[in-house]
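Reader: I would like a close look at a single part of this structure, taken slowly and set among the elements around it. Could you choose one strand and walk me through its surroundings?

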Amino acid sequence: MTHAMLKGSNVPLKAATVRAVLRWTPGQGVPDVDASALLLGADGRVRSDEDFVFYNQPRHPSGKVWRLGKKRVAEGLTDTIQADLSGVERDVSQILLVASADGVAFDQVPALGIALYDAAGTGKEPLARFDIKPETGAETALICGELYRRGEGWKFRALGEGYSNGLKGLATDFGISVDESEAAGEQPGPEAATVPLPAEQAAVVPNQPAYDHPQPAPPPQPVSTAPDPDFRLPPQGPQFIGR
């Protein structure tokens, strides 16, 4: 049975591996939407920049959280994060499931929602579904929900909390190091060398089946990118700055 979630509600998860499917309806003037995840420690912050799973870093080094990419489905478009909860490192206490809209406010994104599936099961119905209603409509990034430890198990909480300064602002809030020197016209030194985090263009694969039931995870699909000089991560293995 699918749990229809309300904001702030939670549900226990018996599945060892879950697939979080972000869904929205495309159309004229609708921005591209990207799914990402942040793995947080007990202090509510990332342990390093490697704990940020997104379009330019689609797989966590542990191999336990990864991005499957976009699909065209009957309901619209989807972007998906999968997590092997049984193998997530013990010092990770929660995984935030995030949506960002490439600089356009979420009041332009119709029918936004997230559904959780048992990735190893055979049922077509999701374990939980949350229809996301932005509080102001001006948000350009949203924490859709969180997977969090409870005792020896995991639970999912529906959130829908927004940021008006996009994925960059959200990631910075949780400890991701973002280089500001080039945006200010400065030249970073060797110790501050960074690579750009591009804004992803839509990577929709037509005529592919929806994720309406669990199936083997395909490899992340390549996407076209364009540099975004205001949003950067270090190139020599992500480093943590300013905890």
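Author: What follows looks at strand 4 and its neighbours in this predicted model. Strand 4 covers residues 34–40, and because seven of its seven residues are buried, the strand is largely enclosed by the rest of the structure. In a regular strand the side chains alternate between the two faces of the sheet. In strand 4, Asp34, Ser36, Leu38 and Leu40 point one way while Ala35, Ala37 and Leu39 point the other way, and all of these residues are buried, with buried meaning under 20% relative accessible area.

Turning to the partners along its sides, strand 4 pairs with strand 8 (residues 94–100) in the antiparallel sense over seven bridges, and within that pairing Leu38 stands opposite Leu96. Strand 4 is also joined by two bridges to strand 5 (residues 52–53), again running antiparallel, where the bridge partner of Leu38 is Phe52.

These pairings belong to an open sheet of six strands, in the order 2-12-11-8-4-5, with antiparallel pairing; its edge strands are strand 2 (10–13) and strand 5, each of which pairs on one side only. Further along the sheet, strand 8 is joined by seven bridges to strand 11 (residues 141–150), which runs antiparallel to it, and the partner of Leu97 in strand 11 is Gly145.

Finally, a helix has to be added to the picture: helix 1 (residues 166–173) lies across strand 4, strand 5, strand 8, strand 11 and strand 12 (153–163), and it runs at about 30° to strand 11.

Technical notes
Residues are numbered from 1 along each chain as its sequence is written. This is a predicted model: local features need pLDDT of at least 70, side-chain atom pairs count only at pLDDT 80 or more; totals for chains, interfaces and linings use all residues. Side-chain values use heavy atoms; hydrogens and water are left out. Buried means under 20% relative accessible area, exposed over 50%, partly exposed in between (1.4 Å probe, protein chains only). Helices (H or I, at least four residues) and strands (E, at least two) are DSSP runs, numbered from the N terminus. Two strands pair if DSSP finds at least two bridges between them. Contact means heavy atoms within 4.5 Å. Axes are lines fitted to C-alpha atoms, for helices over the stretch in contact, and angles run from 0 to 180 degrees between N-to-C directions.
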